[in-house]
Amino acid sequence: MPQYTAPVRDTRFVLDRVLKLDQYTGLPGFSAATPDVVSAVLEEGGKFVAEVLFPINHSGDQQGCTRHADGSVTTPDGFKQAYDQFVEAGWGLLSAPEEFGGQGLPHVIGTAFQEYMISANMAFAMYFGLTHGAIEALRAKGSPEQQAKYIPRMASGEWGGTMNLTEPQCGTDLGLIKTRAEPNADGSWSITGTKIFISSGEHDLTRNIIHLVLAKTPGAPDSTKGISLFVVPKFIVNTDGSLGDRNAVSCGSIEHKMGIHGNSTCVMNYDGATGWLVGEEMKGLAAMFIMMNAARLGVGLQGVGIGEVAFQNAVQYAKDRRQGRALTGAAEPDEKADPLFVHPDVRRMLMEAKAMTEGLRALCLWGGLQVDLAHQAESEEERQLADDLIGLLTPVIKGVGTDAGYKIATDSQQVYGGHGYIAEWGMEQYVRDARIAMIYEGTNGVQAMDLVGRKLALNGGRAIQSLFRIVGEEAAAAKSKPELAHLAESLEKANGQLQAATMWFMQNGMKDPNQVGAGAYSYMELMGVVAIGLMWLRMADAAVEALAEGGEDKPFYEAKLVTARFYADRIMPNAGALRRKIESGAETIMALPPEMFEVA
């Protein structure tokens, strides 16, 4: 059976030595994030997920959710009890604003705990994770009355939240939605339509579920410009906060899916359900993007979480399992065979997993910090820079993060050989669970197109120019340090490849948009190589500094430097190949007519 230990040591390294949270103590929320508080949150959070959530992960996958004849849904055995413990301990309130009953800690701290939840039980973590996106939309676009009515109990976890976007005939192209909203005399709206793929759409964990639903009002344009957003509670909330009548929203069925069986992915039917407009009519797209951006960062973190737990188990198996002999001769002559760890190809998979998991963890935590700084930094210039950078890199965190998480899961399964294909070892569940993260909240191809089609040109390319500048300056400065020179030079070259690819898009994209579309995915991967490379440069710099100070963690820091060199030698060179793919253009991708793909 699999095992899991929260990587608290590595998280603390990133928070303390790489992001250096102590330099932000003057900002709102950060003053409470003292080293002792952060340490307690991570230690106790890691213990909670390992003892409460992880033991019901495999059984939850095997049992799944059950829809009953009345449309109600029950979650797997143990989920309700675990969720009650989650709420009682206040884990949902870590980063929630104090005005809504939260602890007000920085978002970056909540990000760290969220990773642990995902590793321990991804399906369970989704029940609260989707609520977070709904809260962000209500905070940004909801009226004061809506915020006061819904957010405190959503933030605590007492009530759940969902995002209802997709319909049978439309996913990414939301202009095709058919769900309708008709005005009522009392100012509310009557919502009618069907939504599919709704994570946590119906369940028994919370007393109420607050659905945020996209719909079109009478006379609205038949495009994305005609979309409005509505809050539609499962139970109507009375003026005193108590729950009233059951609303006309129900679960029509639970989707039969590849993984995350412990999460209820529902078809939701709205049969004249009562809803209230969030923000302005026909301005729902802006609110939707607030939900989606929060969700995309969370999904990128799912790649890290699943990659981490799969990697941990592959390492343990490689230490325990004996097969064959080392190529250089028997490593342990007294045994009949050597551990898998002696084989270079096994090491290749484990080193790639280690380099990508640790690099992506740093990138996700850095992203969480940018979310904080975009709202709380002292100067407008700092807030703008943080907002620019996280906006630019959100599709990279989601796309590259989930691609990597899936690859790490499959490579970890590969380490197990035939046992990795057997359910009782747990690895095949991680592969199945990881696969959805590459699809939902906008497929990774959509992320790539969002990056090159929207984010690059935003504000005259201000964000990408800032990234080029930051990477260039830090790489140049690091080259003067002997321990960092090779990594810095490799990063500098990769940054140059990214700059050249960006210029190629500028020169060719206007003449033929397919040139951009054909290279978008490789460009997203290339930016990922650079962004994660920047994190490794910062981690290596912090490790060098820590080693100079001395102390008991010498092996930990030395391992950081070795892994950083591995990233420079084995992953950073991909930048050149990715640039060449981009510059090969669209001709061979677009040349064949559809009928040439068919079997004769």
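This passage looks at the empty spaces and the aromatic rings of a predicted model.

Let us begin with the empty spaces. Rolling a probe the size of a water molecule over the atoms reveals where space is left empty. In this structure, the count of cavities of 30 Å³ or more comes to one. The volume of this largest cavity is about 40 Å³. Its lining is made up of Asn57, Gly60, Asp61, Phe79, Asn121, Ala123, Ile260, His261, Gly262, Gln429 and Asp433. Two helices, α3 (57–63) and α11 (427–437), each supply at least two residues of that lining, and α3 gives the largest share, with three residues. Sorted by class, the lining of the largest cavity holds six polar, three nonpolar and two charged residues.

The pockets offer another kind of space. The second largest pocket encloses about 850 Å³. It is lined by 33 residues, and those closest to its centre are Val18, Gln23, Tyr24, Glu474 and Arg538. Elements from several parts of the chain contribute two or more residues to this lining, namely α1 (8–18), α9 (344–376), α10 (380–415), α13 (462–478) and α15 (513–549). The largest share comes from α13, which provides seven residues. By class, the lining of the second largest pocket comprises 19 nonpolar, eleven charged and three polar residues.

We turn now to the aromatic rings. A pair of such rings is described by two values, the distance of the centres and the angle of the planes. The structure contains 18 aromatic pairs. One of them joins Tyr83 and Phe86, whose ring centres lie 5.7 Å apart with an angle of 35° between the planes, a tilted arrangement. Why are Tyr83 and Phe86 separated by about one helical turn? The reason is that these residues are three apart in helix α4 (residues 79–89). Both Tyr83 and Phe86 are buried. They also belong to one aromatic cluster, together with Phe79, Phe124 and Phe128. Phe79 thus appears twice in this account, as a member of the cluster and in the lining of the largest cavity.

Aromatic rings can also be found beneath charged side chains. Which residue lies over the face of Phe235? That residue is Arg246, at 5.6 Å from the ring centre. A second example involves Tyr406, where Arg435 lies over the face of the ring at 5.5 Å from its centre.

Notes: Residues are numbered from 1 along each chain as its sequence is written. This is a predicted model: local features need pLDDT of at least 70, side-chain atom pairs count only at pLDDT 80 or more; totals for chains, interfaces and linings use all residues. Side-chain values use heavy atoms; hydrogens and water are left out. On a 1 Å grid over the protein atoms alone, a cavity is a set of points where a 1.4 Å probe fits but cannot get out, and a pocket is an open set with protein on both sides within 12 Å along at least five of seven lines; lining residues have an atom within 4 Å of a point. Grid points are joined across faces, edges and corners, and a volume is the space filled by probe spheres set on the points. Helices (H or I, at least four residues) and strands (E, at least two) are DSSP runs, numbered from the N terminus. Ala, Val, Leu, Ile, Met, Phe, Trp, Tyr, Cys and Pro count as nonpolar, Asp, Glu, Lys and Arg as charged, and the others, Gly among them, as polar. Rings of Phe, Tyr and Trp (its six-membered ring) pair if their centres lie within 6.5 Å; planes under 30 degrees apart count as stacked, over 60 as edge-to-face and the rest as tilted. Buried means under 20% relative accessible area, exposed over 50%, partly exposed in between (1.4 Å probe, protein chains only). A charge sits over a ring if NZ of Lys or CZ of Arg is within 6 Å of the ring centre and within 35 degrees of the ring normal.
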